[in-house]
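Here is a friendly walk through one structure, with its pockets, a helix and two residues as the stops along the way. Have a look at the sequence and the model first.

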Amino acid sequence: MTMERRFINRVVLITGAGSGIGRATALAFAREGAQVVIADRNELGVQETAAQILKNQGSALAMTCDVTAPESVQKLFQKIESEFGALDHAFNNAGIEGPSTEITEATIASWNEVLSVNLSGVFFCMKEELRLMRLKSQGTIVNCASIAGLRGFSGMAAYTASKHGVLGLTKAAALEAARYGVRITALCPGVVKTPMIERYTKDHPDAEASLLAETPMNRMASPDEIAHAVLWLSGPESTFVTGSTLVIDGGWCAK
């Protein structure tokens with residue numbers, strides 16, 4: 001079977017591309033012919049992702065970027081402009097979970113860090129993405145939220161608030177961008193087998209069984225399953241979809 005190559009010569013940015021969902025999405029775009037710009041504050045992780053893409057004869061530009069710092073984000077987009085002159089698609093995926101603790105025990109520092117990465121980081125990147133995409137009057141942006149953007153999770157107030165914020169930001173931005181031909185959507189993954197969930201289950205020995213019990217399909221998603229959804233939202237099959245949220249949770253939120 002001949003593999004579809006929907007993104008030949010398209011310039012695609014993925015943040016948080018050093019592992020997990022971001023890495024899987026970068027590899028998927030590269031397999032379909034995209035010129036992939038991969039960014040992460042973890043330099044080793046982003047270089048490993050680039051090496052995997054290049055090993056498979058794909059195109060990758062690896063950049064170290066801290067999405068919480070506007071000057072770091074601006075430097076990333078200056079590089080994209082100088083190398084490619086345009087940006088066609090973006091997946092704002094960088095995120096952290098933060099410590100699991102009740103609100104009364106949470107620190108101001110941990111609250112600020114989670115909101116800075118998960119929400120402000122998306123805002124800073126979207127400002128630059130929209131600036132470039134408006135030049136061509138086309139483009140797509142997918143923001144990675146979570147089922148924590150749809151429901152409350154005890155002990156995860158900052159994470160939950162940040163992901164609710166991503167969904168609100170996505171809707172507002174989609175309304176503004178529609179007249180420029182730019183589509184903006186969000187993903188709400190459930191439990192995905194990534195380094196983030198592995199850290200959480202390591203610190204909470206009973207967590208994996210509990211998470212699977214909450215998931216009607218009784219398993220975790222693979223990062224590749226989320227990547228397929230990002231490509232669909234970015235591709236020619238979804239051209240009338242904007243401002244929407246796609247839930248990929250094995251049935252969690254159907255309960």
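## Pockets, a helix and two residues

The largest pocket has a volume of about 1200 Å³. Of its 48 lining residues, E97, Y159, T194, M196 and I197 are the closest to the centre. This is a predicted model, so local features need pLDDT of at least 70 and side-chain atom pairs pLDDT 80 or more, while totals for chains, interfaces and linings use all residues. Residues are numbered from 1 along each chain as its sequence is written, and side-chain values use heavy atoms, without hydrogens and water.

A pocket here is an open set of points on a 1 Å grid over the protein atoms alone, where a 1.4 Å probe fits, with protein on both sides within 12 Å along at least five of seven lines; lining residues have an atom within 4 Å of a point. A volume is the space filled by probe spheres set on the points.

Which helix gives the most to the lining of the largest pocket? That is α6, with five residues. Elements that each supply at least two residues include α1 (20–31), β2 (35–40) and α5 (157–177); helices and strands are DSSP runs (H or I, at least four residues; E, at least two).

The second largest pocket has 14 lining residues, with R10, H89, T140, R183 and S234 nearest its centre. The two linings divide by class as follows.

| Pocket | Volume | Nonpolar | Polar | Charged |
|---|---|---|---|---|
| Largest | about 1200 Å³ | 24 residues | 16 residues | eight residues |
| Second largest | about 230 Å³ | two residues | eight residues | four residues |

Nonpolar means Ala, Val, Leu, Ile, Met, Phe, Trp, Tyr, Cys and Pro, charged means Asp, Glu, Lys and Arg, and the others, Gly among them, are polar.

Now to α5. At 1.5 Å a residue (times one less than the number of residues), its 21 residues should span 30 Å, which agrees with the 30 Å between its end C-alpha atoms. Its buried residues (under 20% relative accessible area, 1.4 Å probe, protein chains only) include Y159, K163 and V166. Among the elements covering the buried residues of α5 are α4 (108–136), β5 (139–144) and α6.

Two single residues round off the tour. T15, in strand β1 (residues 11–15), counts as buried because its relative accessibility is 3%. The side chain of T15 reaches the backbone nitrogen of A94 at 3.1 Å. W232 lies in α8 (residues 223–234) and, at 35% relative accessibility, counts as partly exposed.

How values were computed
Buried < 20%, exposed > 50% of the residue type's maximum accessible area, 1.4 Å probe, protein only. Contact = heavy atoms within 4.5 Å. Polar contact = N/O pair within 3.5 Å; in protein donor to acceptor, adjacent residues only side chain to side chain.
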